[in-house]
Structures are given as C-alpha cells and as structure tokens.
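This report looks at salt bridges and at one helix packing. Start with the view below.

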Amino acid sequence: MDPAACFEVKLKGHRYRVKKSPRLLAFWLLCKLIFTTCYFALTSFQSQNDSPDLDFVYSDTDTYTAEIAEFYSYTEEPEFSLGQKCFEEDFHCYVTEKWSQLDEERKEIHIWKMLNNVESAKRATRMKAARAILYLAQGVFGECSSEDDQMRWCKENVFLFYKCGVFTTFVELLCMEAENSVAASTALRKPAVSIVDSTDLRVVMSVLYIMIITINLEDPNDSEEYMEARVRFRAELSQPVHSDDSLTIVLFMMVTKFCSGHAPHFPIKKILLLLWKTVLYSLGTLSDLCKMKALAREAAGVRPVPEDTVEVAKNMRASSPPTGVGDILDPTKRANKANIKKSLVKQNGIDEPMPGESGNDDEENGKDENSDDDDDEIDDKPPDTPREPRILPWTPKVREKELDNFLDHTRAKFVGYQVSSDRESLAGLPLPIHEGVSVLKKHLYVSLTELQIKKEEEINKHPLSMAEESIPNNATEILYLAMLPNLPQYMISLLKILLAAAPTSKAKTDSINILADVLPEEMPITVPMSMKLGIDVNRHKEIIVKSISALLLLLLKHFKLNHVYQFEFMSQHLVFANCIPLVLKFFNQNIQSHIGTKNSIHLIDFPYCVIGDQPELTAESLEAGDNELFCWRNVFACINLLRILNKLTKWKHSRTMMLVVFKSAPILKRALKVKQPMMQLYVLKLLKVQTKYLGRQWRKSNMKTMSAIYSKVRHRLNDDWVYGNDMDARPWDFQAEECALRACVDRFNSRRYEQSSPNKDPELDSVDNNLQSVLGQCVDLSEEFKRFYEVWLDREVFSTQIDWDLLLKDNIIV
C-alpha cells in the first residue's frame, strides 16, 4: 500500500495503515469529537456531583474572634505595638505593677485619668490617651499568653469602660472627628489617599466597635451585673448622642459624606461594620425579631407563624445541582429510566432514591431467599442511611385574597352570581367545592402586612372620623423617623459602595475609592508584601459586601415588622437605585469559586499577630490556607443578597418582570451549584416567582429545577406558579401597580410624620365621635369653677323655670 495514500491509526498499542478516503477521514474525526465531548461532559458532571455539602450555619454574625479580626486590615498591624507603647509610657508613671495585678478601684482611677486626657484640646495628648484606651479594649495583649486570656481581659476591661462612661466620651469624639474639616481638606488636596489620613478616626472607631460587640456577646456564665449592663447598653444605642441624632444616623451621615466625595479619607469599611453592629443590637437580632413578631401577631389576634424559615432551612438537605449535557450522556441515567417508569410511586425528593430501589438488588442478582448464607450476608450489610421524612418541609399557606378569588370563580361558574366579602355561604355549590373551601380555610394565613394595609385603607376612606392608630415608641419607629428625610440618599450611598466592592465590577474613573483605609502610604517592594496587600484588598471588599448586605436585610425585616409601608418606602428606593440588577450582577460570576476563595492570612489575624512568637511571612505561608471548603463571610453575603432580592420582588409582578428582563434565570441556576440548603432555598424561591413567565420550553428543559422547587419551597394551595394563568400578572398593570404603591406610601408618611408641618390644614384633623370616649375624657377644671359650681347650678338651673311645652314647638322665634 502506498504510504502517501494512507494515514496511520494507533489503536491499543498497534499501528494500522488505512487508505485515505474523505468519508473515512470525516467519520474518524467525528468519532474523535464525540468521544472528547462525552469525556469532558462526564468529567464535569462527576465533579459537580462530587462537590460536598457546605457545613455552613447561618447566624446574625460570625464568631466573635472572626468579627474582631475582620475589623482590622493587615496594613494596620504595626499600629498594635504603638498602642501598647502609649499605654505603658503613661501607666508606669503612676503604677509599677501590671494592669492585670490591679484591683477594680485602681483601674477605674487610671481610666478616669485617661478620659481627662481624651478631652484635652491638644490633638497629640488626646490621641495618645485614645490609643492607650484602645490597648486596654484589645485585652492588654502584652500581658497575655493565650487568646483565651486576651478575650477574658478584653471583656472585663470593656464592661469597666462602660461603667466609667468611656463609650459616651468616644461617641462625642467620633462626632468631632467626623466634622473635622481640616482633615477632609488635606485629604482632598492629596493625589492618593492612604491609611495614614484616617489614623485618628480608626482609633476612635476601634474602641466603639470592640465595646459594642463585646458587651453584646452573650454568655450563660455572665453575672447579673453584666446582663443588666447589656440591656441598658442596647437601649442607649438608639438614643440621641449628637444634635438629637443617634449613633446610627451619625454613621449614615458619614457614609453619605464619603460617597459625595467630601471626605475621601473616611475608613468606610470600619464605618459600615460599626453601623451594621449598631443597628443589629439596637433594633434586635434574628431571635429577637422572631419574638417581636410572635408578640405582634398575638396582639393582633391572629395565629402564630407556623415555622421559622432559618430553622427549617437548617434541617434541609442540599440538592444536587441541575444537570446538563453530562446527565443526558450518562448511560446509567438512561438505564434507570425504565425502572422509574415501572414504579409510579411519588419520589420524596430529587435526590432520594425511588421507593423499593434498594430492596431489589438481591433479586436481580439471582440470589435465593432460602440459602444458608443469608444470615451472614445480612449481618455484613451496612446500615441504611437515615432519610428525610416523606413530608414537605413547609405548612401550606393561603391568603384571604386567594380564598376570595376561588369563591368568586366557583360561584360564577356554578351559581351565576357573586357575593362580595362572604366566605361562609356555599349554597348551590357542589360538595367537592365545600371540601376545597374547608381545606383552604384550614391553611388560611393572615399576615400582619394585610392587617396594616386594611387599617390604612379604612383611615384613608374616613379621614375625619377614623382616629390615627397609636404609634409605637420603639427603636425601629425612632430610627425610621430619623432616617425618613434622607433615606433615599442613604440607600443610594450604600448601593454605590456595594457596586464598587462587587467582584464583577470593573474599575472606573468616576467610581468611589473604597480602599483608602487599606492602602499603605508606600507601596510594597517585595513579593510577600505584594501578595499580602493583594489578599488584604480582596478581603477588604468581601467584608464591605458582607456588612452592607447584612445591614440592608436587617433594616428591611425590622421595618416590615413595624409597618409595611415603612418597608415599602425603603424597598422602592432600593428598586429605583437599581438594586435588583446590581444583585444579579454580583451573582453573574462563578459563585462556587467566589465562595471557596479564602482571602485571609490567619497568621496575622488579630489577636494571633500580637500574642506569642510571630513566624516569618513567606510566599508559601501566604498561599497556604485553612482546610475549610468555604469562606463564611462570602456565603453569608450571598444568602443575604438573595434574601434582599426575595423581599424586593415578593408579590410584586412588576419587579418579577425585571428578573425576567435581566435574564436572571441562568444566573440563578448557576448559584444552585453551591450545595448549601438555605442558599438553594432562596434561589429556588426567585426561580419560582418567574417560572410562569419563562415559557413552556424552559420548564420542559429544567424539570429537575422544577422538582426542587416543589420539594423545597412553600406551597400556595391554589397558586398556578407552573403555568401562566395568573390574572394578576397582566403586563399592562405593572406601572399602575408601582404608582399606586408609591401613592399609598406617600400618603402614609404625610399623614403620620408631617403632623407638625406648617402646610397641614388643621380642619382635616380627625375628630373623635365616640360618645363613650368623649364623656370618659379627663377635663382639668379650674379652681374658680370648682368653688362657684354650686352657685352656678342654683342660679342657672334650679332657680330658672323652663317651659317644656314651648321648647317642643317647631316655630320658635328667638
């Protein structure tokens, strides 16, 4: 055979010469392409299914040590020893012992001396004393031999600080430094702002931050004195501290000032962390929120919430990610289709084996049931893995509106007429409809939102006769009233910073500089220092995203519990500021890689960097991370952003259409690859609300995702979420729906919070027309009236003759 007319094929170590032919060559290339495609598809499918579940526990915050460490950047490491030096220089002028050897009285005396220096007019004296106090708040690490000792002394010193009034003094110092125009003008003149420009602010904010999270760290072994101090401290966090503004408002004003460009030197990461913790402990944590919600529902006379979302999600099991080409090309999947068709028993979940699958293996292998080896084989058989209970994780819910729509539809179909606002009479309806109504009533759920909206509608219908409901004097109401004038600016500023910190954002000339409190004055010149700075910058951005997402979610949840229109006011301004596309842009990345990225160096985290001998940092030690499969703050931030997106779009068809328009379905499906139950739950919720708009072809090609929605998301008994039959989802109502909501919110804010406005007509004030309440009012009578009351009765009543016949005549001429 002519070698020029042949080509060689290597198969199983042997070489064969094959005659050249266009058809044969094309066939060979096609086979090679199919084999390569199948190999990579099966490899990627196997790697997806092999990814383990994330052992992540959702909570208000990370551990105490992690929250303290994240407050400091790695660039600040040299400043720890400077604080120790400032303390020891001043302390040893009066005392020869160590701080840990003093009794409480002598410690208080020295704290008051340092507070006197903090109030000094000289900046150098003031900041030296502030650094000394910061060293004590950090747990006098120079006298500690372990992290436990440092935490113990930190807690003891912080409670002693609170007793001596250090917190109030440092809040006033923070307000003074925030209004320092000299520092702001100096930073504006510099071509590049660095960490040196915010030195004073960072010291003050460090003391406040440590005090807030340390005092609020609950420990079952705490004394009654510590518990009482904790309650008082939480109440003081919402009180005015500067010009009738609370600490939260002061920090919000610093955020807007930073975003406007008037104070580029502000340490924005520390401001956001301090703001988040202040709101968290002044308004209440997640457990406090559940208790407040239960009390509010009990006061409103409705049934308690059947489940807590966070608690139910903790007991869920993560689903396998939606399969792609690998699932189709896997021959074992195709072989199992015949078995699935044979058994018509409903599957418990998308990851559960079909009932009876595991029990048929012996029969298929031809084993005899009466063989003598059965007992030995049974003993060697591994125990069955525990399965989830074969029930749905949620109790179904039905709204009053859905029950009314069901009755109107059935009455129009079977009887021919409708009865508005009547859920009792079922005359003329068949028995199955009776049973359906009883099932719907059994799962009827009345939310506080519906009750508040009904109350607002009644007040708007009868503005003169309906009195304004009593406004609760709680921390949430006080905060909303303080935020109301500038709330749009606050939301825009937070979203600007979130955009700048998102990993998918590209550097732009007009974007704000959020790295002012992490970049050193001189850039590093060695490879380990450059790697350290790169890790620090990425870590800095992740912490900013974490704090903003937690802050926004916390405000939304508390405002919604307090009054739904407060929640809607904040939600609308988030939507108007493009929060929905911003969150989708954040998730338009490799979420698995983002969650697994560990931008941390535990060797130089506080307090490890100041206790014991410090190892030398090398490129190898910087690359070596921990054994965790995920980064806690990144998973926490992703879940918070998904929860914010859910709250913004729930029961809002216009905002749901924004998810469809921005093509969020493929972005959210990629997030399902993260095997964390709570994160998957909120992704599936977002996919469920837009399923009816995605078309039949999308539903047909994403049946595994549809099954996951069915098995993990709460059911609405008569919700047509799979099909596009919802009459409320008409596209021409979207703009009207948003405008009507805006009008209701503006009417609520105008009536409730503009009572003292000079433009308000006093004739439009509500009038009390209830006879019992009017006669039951306490009226203050003057002493003169009480003294001459009997004289007035004798002269005007008893001594006057009344002609009752004359009074009964119609034509009385006066």
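Arg 123 and Asp 200 form a salt bridge, with their closest N and O atoms 2.8 Å apart. The pair ties together distant parts of the chain. Arg 123 sits in helix H5 (residues 123-137) and Asp 200 in helix H9 (residues 199-215), 77 residues apart. Arg 123 is partly exposed, because its relative accessible area is 49%. Asp 200, at 12%, is buried, since buried means under 20%.

This is a predicted model. The structure holds 39 salt bridges. Two others are described next.

Lys 163 and Glu 108 meet through their side chains in a salt bridge, 3.2 Å from N to O. This pair also links distant parts of the chain. Lys 163 lies in helix H6 (residues 147-164), and Glu 108 lies in helix H4 (residues 104-118). The two are 55 residues apart. Lys 163 counts as exposed, because its relative accessibility is 52%. Glu 108 counts as buried at 12% relative accessibility.

Glu 568 forms a salt bridge with Lys 652, and the closest N and O atoms are 3.0 Å apart. Again, distant parts of the chain are linked. Glu 568 belongs to helix H25, while Lys 652 is in the loop between helix H29 (632-649) and helix H30 (653-661). They are 84 residues apart. Is Glu 568 buried or exposed? Glu 568 has 5% relative accessibility and therefore counts as buried. Lys 652 counts as buried too, at 11% relative accessibility.

Salt bridges with shared partners also build a network. Its members are Glu 67, Glu 70, Lys 277, Glu 542, Lys 546 and Arg 633.

The three pairs, side by side:

| Salt bridge | N to O distance | Separation along the chain |
|---|---|---|
| Arg 123 – Asp 200 | 2.8 Å | 77 residues |
| Lys 163 – Glu 108 | 3.2 Å | 55 residues |
| Glu 568 – Lys 652 | 3.0 Å | 84 residues |

Helix H25, which carries Glu 568, also takes part in a helix packing. Helix H23 (residues 487-501) packs with helix H25 (residues 564-576) at an angle of about 45°, their axes 9 Å apart. H23 is therefore oblique to H25. Their crossing is right-handed. Which residues of H23 and H25 make the contact? H23 supplies Leu 487, Pro 488, Met 491 and Leu 495. H25 supplies Phe 569, Met 570, His 573 and Leu 574. Of the contact residues, seven are nonpolar, one is polar and none is charged.

How values were computed:
Residues are numbered from 1 along each chain as its sequence is written. This is a predicted model: local features need pLDDT of at least 70, side-chain atom pairs count only at pLDDT 80 or more; totals for chains, interfaces and linings use all residues. Side-chain values use heavy atoms; hydrogens and water are left out. Axes are lines fitted to C-alpha atoms, for helices over the stretch in contact, and angles run from 0 to 180 degrees between N-to-C directions. Helices (H or I, at least four residues) and strands (E, at least two) are DSSP runs, numbered from the N terminus. Angles under 35 degrees count as roughly parallel, over 145 as roughly antiparallel, 65 to 115 as roughly perpendicular and the rest as oblique. A crossing is left-handed if the near helix is turned anticlockwise from the far one by less than a right angle, and right-handed if clockwise. Contact means heavy atoms within 4.5 Å. Ala, Val, Leu, Ile, Met, Phe, Trp, Tyr, Cys and Pro count as nonpolar, Asp, Glu, Lys and Arg as charged, and the others, Gly among them, as polar. A salt bridge is a side-chain nitrogen of Lys or Arg within 4 Å of a carboxyl oxygen of Asp or Glu. Buried means under 20% relative accessible area, exposed over 50%, partly exposed in between (1.4 Å probe, protein chains only).
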